[in-house]
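User: I am new to this structure and would like to go through it step by step. Could we begin with the ligand and then turn to the protein interior?

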Amino acid sequence: MARIGFVGLGNMGGGMALNLVKAGHDVFAFDLSEAAAAKAREGGCKIAASAGEAGTDVDAIVTMLPAGKHVASVYAEQIFPAAKPGTLLLDCSTIDVATARAVAADAVAKGFEMVDAPVSGGIAAANNGALTFMVGGTDEAFARAEPILGKMGKAVIHAGDAGAGQAAKICNNMILGSQMIATCEALALALRLGLDPQKFYDIASKASGQSWSLTSYCPLPGVGPQSPADRGYEGGFASALMLKDLKLAMGAAQSVDASVPMGAAAEALFQAFVNSGHAATDFSGIIGMLNGELPVAH
Ligand code: NAD
């Protein structure tokens, strides 16, 4: 079993670190939050005094941090100076492609192997070891990363070279954000046209309007399988995180001159929803703004 450093024990990282412990690994963990560190200690992690200490004398280091600036500074200031050459570095945070590539290039120049391995799946999937990892890095780095990621997820897919995992993640979530809005608009229109929501669901789910947003995550309560709509749009995937991913997609599109008008519209609508006090609301709750039940903030 391996010795693994783990930095960032928040909503996602907390459960992921415990799954590595359950798999028999020795996990040396660190978080700036004492409460998060205490929870990890209860679950069997050994708590380090700093990110650097968590990354000393280990085979691999996993990071699960909020954004690119945290990842860049934790690697530059803590992990690179402390880790042994050859240590495998796995960043599972969702960050911009440019920072992911820059940190990976720096890591390779310093004698490390690194993958970007962002995840699809929320807090429940992190706790249950059911995440999907999209991995960017060399074949050698992927071969070393796969058995570790496999203890935290149900699927580990090699997307390509450094940064490819982040690119796949934001493109996937740009589809999801746009698709959810299209689904919400259509459901809101169907209701105004007097259609029975269940009847419309039965038809669209077997017709060309079918999508994951409709049939796995229906934004209307009482229709389709259980989803956050049935729990007052609590839990699930927070609108602030969807907005974060759409902003990353917009930045990436700009960097390569890609035209993304639907993605841009989705970003503007989620920005308005978040501005109206719904940062923590599940992203399918945007149906309330689109059907006129919630005010739109600008
Ligand atoms: P979170 O805010 O709950 O956790 C982040 C943790 O990092 C916090 O505990 C914070 O104290 C810690 N941290 C910040 N800076 C640090 C530093 N310098 N050193 C050590 N610890 C530090 O966030 P989360 O929901 O766990 O998300 C983590 C990442 O996963 C984000 O990039 C997010 O976009 C991505 N993600 C989240 C979800 C989700 O549903 N929450 C789903 C998919 C991907």
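User: How many nonpolar, polar and charged residues are in the shell around the ligand?

Analyst: This is a predicted model. The shell around the ligand has 10 nonpolar, nine polar and three charged residues.

User: Which residues come nearest to the ligand?

Analyst: Asn11, Met12, Asp31, Leu65 and Lys244 come nearest, out of the 22 residues around the ligand.

User: And which helices each supply at least two residues of that shell?

Analyst: Helix H4 (68-82) and helix H11 (239-255) each do so.

User: What lies 2.8 Å from an oxygen atom of the ligand?

Analyst: That is an N or O atom in the side chain of lysine 244. The backbone takes part as well: a polar backbone atom of asparagine 11 is 2.9 Å from an oxygen atom of the ligand, and a backbone N or O atom of leucine 32 lies 3.5 Å from a nitrogen atom of the ligand.

User: How much of the ligand's accessible area does the protein cover?

Analyst: The ligand has 830 Å² of accessible area on its own, and the protein covers 84% of this.

User: Now the interior. Which residues touch the most other members of the largest nonpolar core?

Analyst: Phe6, Met16, Phe133 and Leu149 do, in a core of 35 residues. Helix H7 (residues 139-149) gives the most to this core, with five residues.

User: What is methionine 16 in contact with, beyond its neighbours within four places in sequence?

Analyst: Methionine 16 is in contact with Phe6, Met64, Cys92, Ala126, Leu131, Phe133 and Met152.

User: Which residues does the second core include?

Analyst: This separate core of 27 residues includes Tyr217, Tyr233, Phe237 and Val274.

How values were computed:
Residues are numbered from 1 along each chain as its sequence is written. This is a predicted model: local features need pLDDT of at least 70, side-chain atom pairs count only at pLDDT 80 or more; totals for chains, interfaces and linings use all residues. Side-chain values use heavy atoms; hydrogens and water are left out. A residue is near a molecule or strand if one of its heavy atoms lies within 4 Å of it. A polar contact is a pair of N or O atoms within 3.5 Å; within protein, one must be able to donate a hydrogen and the other to accept it, and residues adjacent in sequence count only if both atoms are side-chain atoms. Accessible areas come from the Shrake-Rupley method with a 1.4 Å probe; for residues, only the protein chains shown count as cover. Helices (H or I, at least four residues) and strands (E, at least two) are DSSP runs, numbered from the N terminus. Ala, Val, Leu, Ile, Met, Phe, Trp, Tyr, Cys and Pro count as nonpolar, Asp, Glu, Lys and Arg as charged, and the others, Gly among them, as polar. A nonpolar core is a set of buried Ala, Val, Leu, Ile, Met, Phe, Trp, Tyr and Cys residues joined through side-chain atoms within 4.5 Å. Buried means under 20% relative accessible area, exposed over 50%, partly exposed in between (1.4 Å probe, protein chains only). Contact means heavy atoms within 4.5 Å.
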